[in-house]
Structure formats: structure tokens, C-alpha cells
Amino acid sequence: MSARSVSRLISLIPKPKFNPSSFPSLSSSSSSSSKLLTQKRFFSTEAKNNTHSHEHTHEHHHKTEQHTQQKTANAKENENNNNTTTNGNGNAEQKPSPLEEAHAKITKLQSDLDAFKDQHMRVLAEMENTRRIAKKDVADAKVFGIQSFAKSLFEIGDNLSLALDAVPKDQLESNVALKLLYEGVQMTEKGYLKALSEHGVTRYSPLGEKFNPYHHQALYEIVDSTKETGTVANVMKDGYLLKDRVLRPASVGVYKGNPPQKSQTPPS
């Protein structure tokens, strides 16, 4: 008999039907086994879920910690970058700290303050000099403002002096009219000099004095070997002073004689 015939015969044999209800003990055992399998699957799934949740939480915490560390590192790097500059050669230079910047600002402000103080003091000094010069100019104007008017009167004084010098003194006692005229001219001259002196103008005659180029004007020289050279020999016109200022130098003639004697000290 061939194998194909045997397989056909086996297929024709009827298969018994299995009914779990006909076996109570088997059905109960099967039910218990099913419950155990269900519980096992539930706990296994729960454990997997818990494990997955724990792993997810741990991973999230780890990522958060890494993110925080990365932010801290970035902040430090940015701070270092802000505090570091690059010079023209490409080398890194450290920026000054806030304290150093504050100290630099204070130094600059102090320097500016010193400059302003110096400028202020210079302005005050200039103002004081201007005020002093203006005050002196006002005082000089009050004192020397009369000099132009006084100079216009000097010719009158010269004429009065010439008139008095022209009168022969030996005829004054014998000629009453001449004496009265002479005395009148003298009184006029005294009034003239008094009016000038009230305004600070004085007249001087340097006869016999040493020649002073600041106060005298030499018109001629008189040769006399008995006189010392530079001595005033004659006064043609008197000089006038306003306080210490020469309004008109005296017109004089000076002697040209022996040179002035120099004191000789014997050699030691």
C-alpha cells in the first residue's frame, strides 16, 4: 500500500470533539490558568509602563540638567567674550572690570575738575587785572586829565618870568610906578603857580644841578674849565611836573669843563 493511500485513510477517520464542560476539573484549571496568565500580563505591562515612565523621567531630568549646564557654559563664554577684546595684532586683550572702569571715570572727572579750576582761576586773575588796570586808568584820568590844559598855560608862566627878569632891580626904589608894576606881575605869577599847584602841577628850576636827561633838555653848552661837565649853567625855561610825571622838561644850558672826578681806591 502506498503512502498516499495511507494518508487518505487517516483523513477519513472521524476526530473526537473536545468539550471542556464535560471535564469540570479541567475547565476550572483552565479558568485559573487563564486568570493567572491575565494577571501576569497586566503586571508585566504595568511594570513595563513604570519602567518606561521612570526612564522617561530620568531622561528628561538628564536633558534638563544638560541644558542648564550648557546655558551656564554659554553665559560664562559670553562674559569672557565681553571682557575680552582683540587688538590690531589679533591678540586678545582683557577688558577692564567695572571697578577699574569706575576708577578710570573718577580719574577723568578729577582731571576735568582740575582743568576747570585752573581755567576759572585764570579767568578770575584776568578779571582782577582788568579791574585793577581800569581803576588805575580812572585814577590817572582824574589826576592827569588836567595836563593838556596845564600845558596850554605854561607859555603864560614863561612870559611872566621873562617880564620879571626884564625889570631892572636897581630902579625899583627910585621908580614907584615900575615898582608897583613889578609887584603886580609878581602877584600874578604867584596866583598862577598857586592855581597849578592845587591840581598837582609844580614848577622847578634846575640851576646848578646835575643834568638829568629825563627832566632837562640841553639846548647848548658853555665851556668853562672851572666847572664840572654836565652841570646846569643856565635855565632858559622852567620845567613842570604833574605829580611824578614830567609835563615839560626844563630847557637848560650845561657846562663843558673838567670831567667829573672819580674816586680812586688804592690797590690792595
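I take helices to be DSSP runs of H or I with at least four residues, numbered from the N terminus, and I keep in mind throughout that the model I am reading is a predicted one.

**Entry 1, salt bridges in helix 3.** I first looked up Asp118 and Arg122, whose side chains meet in a salt bridge at 2.9 Å, N to O. The two residues sit 4 apart in helix 3, so about one helical turn separates Asp118 from Arg122. I noted that Asp118 is partly exposed at a relative accessible area of 39%, while Arg122, at 57%, counts as exposed.

I then turned to Asp140, which forms a salt bridge with Lys136, the closest N and O atoms being 3.0 Å apart. This pair is likewise 4 residues apart in helix 3, and about one helical turn lies between Asp140 and Lys136. For Asp140 I recorded a relative accessibility of 23%, and because buried requires a value under 20%, I entered Asp140 as partly exposed.

**Entry 2, a salt bridge between separate parts.** Next I checked Arg203 and Asp238, whose side chains form a salt bridge at 3.5 Å, N to O. Arg203 lies in strand 3 (residues 201–204) and Asp238 in the loop between strand 5 and strand 6 (239–242), so the pair ties together parts that are 35 residues apart in sequence. Arg203 is partly exposed, with a relative accessible area of 27%, whereas Asp238, at 17% relative accessibility, counts as buried. I also found that salt bridges with shared partners join Glu189, Arg203 and Asp238 into one network. For the model, I wrote down a count of 8 salt bridges.

**Entry 3, a nonpolar surface patch.** I looked for nonpolar side chains on the surface and found a patch formed by Met121, Val123, Leu124 and Met127, which together have about 380 Å² of accessible area. One of these residues, Val123, is found in helix 3 (residues 98–144), and I entered Val123 as partly exposed, with a relative accessible area of 40%.

**Entry 4, the largest pocket.** Finally I looked up the largest pocket, in which about 280 Å³ of space lies. Of the 13 residues that line this pocket, I listed Ser161, Asp165, Val235, Met236 and Lys237 as the closest to its centre. The elements that give two or more residues to the lining are helix 4 (147–166) and strand 5 (232–237), and helix 4 gives the most, with 5 residues. I divided the lining of the largest pocket by character and obtained 4 nonpolar, 4 polar and 5 charged residues.

How values were computed
Residues numbered from 1 in each chain as written. Predicted model: local features only at pLDDT ≥ 70, side-chain atom pairs only at ≥ 80, totals over all residues. Heavy atoms only, no water. Patch = residues over 30% accessible without salt bridge, like charges linked within 9 Å, V, L, I, M, F, W, Y side chains within 5 Å. Areas by Shrake-Rupley, 256 points an atom, 1.4 Å probe, with all protein chains shown as cover. Salt bridge = Lys/Arg side-chain N within 4 Å of Asp/Glu carboxyl O. Buried < 20%, exposed > 50% of the residue type's maximum accessible area, 1.4 Å probe, protein only. 1 Å grid on protein atoms, 1.4 Å probe; cavity = no way out; pocket = protein on both sides within 12 Å on 5 of 7 lines; lining within 4 Å. Points joined across faces, edges and corners; volume = space filled by probe spheres on them. Nonpolar A, V, L, I, M, F, W, Y, C, P; charged D, E, K, R; others polar.
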